[in-house]
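Q: Could you take me through a structure that I have not seen before? I would like to start with the overall picture and then turn to some details.

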Amino acid sequence: AEGDDGDEVLHGDGQHRAGRDREGSAGEAGATGHRRYRHGGESSKARLRPMRTAREGGKDQSAGTNRWLAAQDNRFSRVPMERYTDPMAHPSPWTDIGRHDLLPAASHDEIARFDVIAQLNTLLAARLAPAVRASFEGRVSPAWAARHGHEPRDRQEVAEAMSSDPAWRSWSLVRRNTMEMRQQAGRSLVARQATALRDRAQALNEGAATLQLDPSLPVPRYVSAVDTHLMRGGYTAEQIEGDVSNPANYDAGFFATVGGMAGPWNDAAGRALAAWLQREHPDFQPQRIADLGCGLGHNTLPLRHAFPQAQIVAVDVAAPFLRYGHARARSLGIDDIEFRQQDATATSLPDASCDLVFTTMVLHETSAEALPRILAECKRLLRPGGLAIHLEQPPYRRFPPFEQFLRDWDGR
């Protein structure tokens, strides 16, 4: 549904006060995704719920939405794609996020907070990080060379040299505070609707054999002991029975963190993988795909669109993320992906049973002990001629010491 600035748009069980942005609207972004995730020859278009504007007295806008659907063919929105791929372009507004039945309802002020965070992250990348580099190259590195007879040779020496540099300390302060703000914005958003989100997930998941949870599964310490991305309690935390608060926070907040660069559905990595497979292996038709460490399934769903004939098994140790991801997929019309609570080091899948095994930004969040076991599990699962693909942070060895130092910030 489109409206002029100030229109109040109802979505799901909550309200969004979101004005129309330059190239599209929140309602259009949501409608696109329902059309986009289509499988088995049947579009989920029929599951799209009408959206109404308060100013129009509840007039049904579904006809306009369907016309928009009919005019599109697997597009995200009318927002130019450079908005999602150029890190130096201004970030996309949160109203561009893809809508589904599990997405938390956001007020005007909550949306504004996310947009401020996206702008701060753009400031960090476009203005403050270059200032840090200029300070290092123009002042810090020459001073180090004068004292030691050589420039900093590795990221540890760069860190020592930069420890008191004001440009670095300012960049670091803003980056830390921005992530704290992003988590606070997400937590406050979901806290007031945690029970409603839980109930919606339960309704969508009820009776589904495709969601398999195992309360007895031991959670690895590298998951349970770390507030990953400053998310309180990490991936497995539960405050109420059947909780989906943290994945709802992650889903809503990730779009702001990256400024929409991963697309409305936060699934750029999955789309990139599917596109690479179709380009480099045009005859590849996997019959079973395993996504290890799937989280809430952002990057799982594009594989369903690319390979509608495949059985897809999405594995993770975090029950809240599996509940949310399974319900999210079903709300988008995808009801045949299996979400299983299992450890990626030892799944229940048979030997040599998968044509494709992949991870997406998972390995760097594991441990030195778990990593080789995950890779061994991938090898065990692969059929002859199968592919194991890991989308990851690039290794430090590709970068000079200063770039390694910046990328190592999260580890310090």
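The exchange below covers the chain as a whole, then salt bridges, then backbone angles.

Q: What kind of model is this?
A: This is a predicted model.

Q: How many helices and strands are there in the chain?
A: The chain has 14 helices and 8 strands.

Q: And how much of the chain is buried?
A: Of the 412 residues, 51% are buried. The accessible surface amounts to about 18800 Å², and carbon and sulfur atoms account for 50% of that area.

Q: What share of the contacts join residues at least 24 apart?
A: That share is 75%, counted among contacts between residues at least 6 apart in sequence.

Q: On to charges: how many salt bridges does the structure hold?
A: There are 18 salt bridges. One of them pairs Asp165 with Arg139, with 2.2 Å between the closest N and O atoms. This pair links distant parts of the chain, since Asp165 sits in the loop between helix H5 (155-162) and helix H6 (166-191), while Arg139 belongs to helix H4 (residues 108-148), 26 residues apart.

Q: Is Asp165 buried or exposed?
A: Asp165 counts as buried, because its relative accessibility is 2% and the cut-off for buried is under 20%. Its partner Arg139 is partly exposed, at 45%.

Q: What does the salt bridge between Arg323 and Glu238 tie together?
A: Arg323 is in helix H12 (residues 319-331) and Glu238 is in the loop between H8 and H9, so the salt bridge ties together parts that are 85 residues apart in sequence. The N to O distance is 3.2 Å. Arg323 is buried, with a relative accessible area of 15%, whereas Glu238 is partly exposed at 36%.

Q: Where do Glu377 and Arg380 lie?
A: Both lie in helix H13 (residues 370-381), 3 residues apart, which is about one turn of the helix. They form a salt bridge, with the closest N and O atoms 2.6 Å apart. Glu377 is buried at 5% relative accessible area, and Arg380 is partly exposed at 27%.

Q: Changing topic, what is the phi of Leu230?
A: Phi of Leu230 is near 65 degrees, a positive value in a residue other than glycine. Leu230 is found in the loop between helix H8 (221-224) and helix H9 (245-257), and it is partly exposed, at 27%.

Q: And what about the phi of Asn266?
A: Asn266 is not a glycine either, and its phi is positive, about 55 degrees. Asn266 lies in the loop between H9 and helix H10 (268-280), where it counts as buried at 3% relative accessibility.

Terms used:
Residues are numbered from 1 along each chain as its sequence is written. This is a predicted model: local features need pLDDT of at least 70, side-chain atom pairs count only at pLDDT 80 or more; totals for chains, interfaces and linings use all residues. Side-chain values use heavy atoms; hydrogens and water are left out. Helices (H or I, at least four residues) and strands (E, at least two) are DSSP runs, numbered from the N terminus. Buried means under 20% relative accessible area, exposed over 50%, partly exposed in between (1.4 Å probe, protein chains only). Contact means heavy atoms within 4.5 Å. Accessible areas come from the Shrake-Rupley method with a 1.4 Å probe; for residues, only the protein chains shown count as cover. A salt bridge is a side-chain nitrogen of Lys or Arg within 4 Å of a carboxyl oxygen of Asp or Glu.
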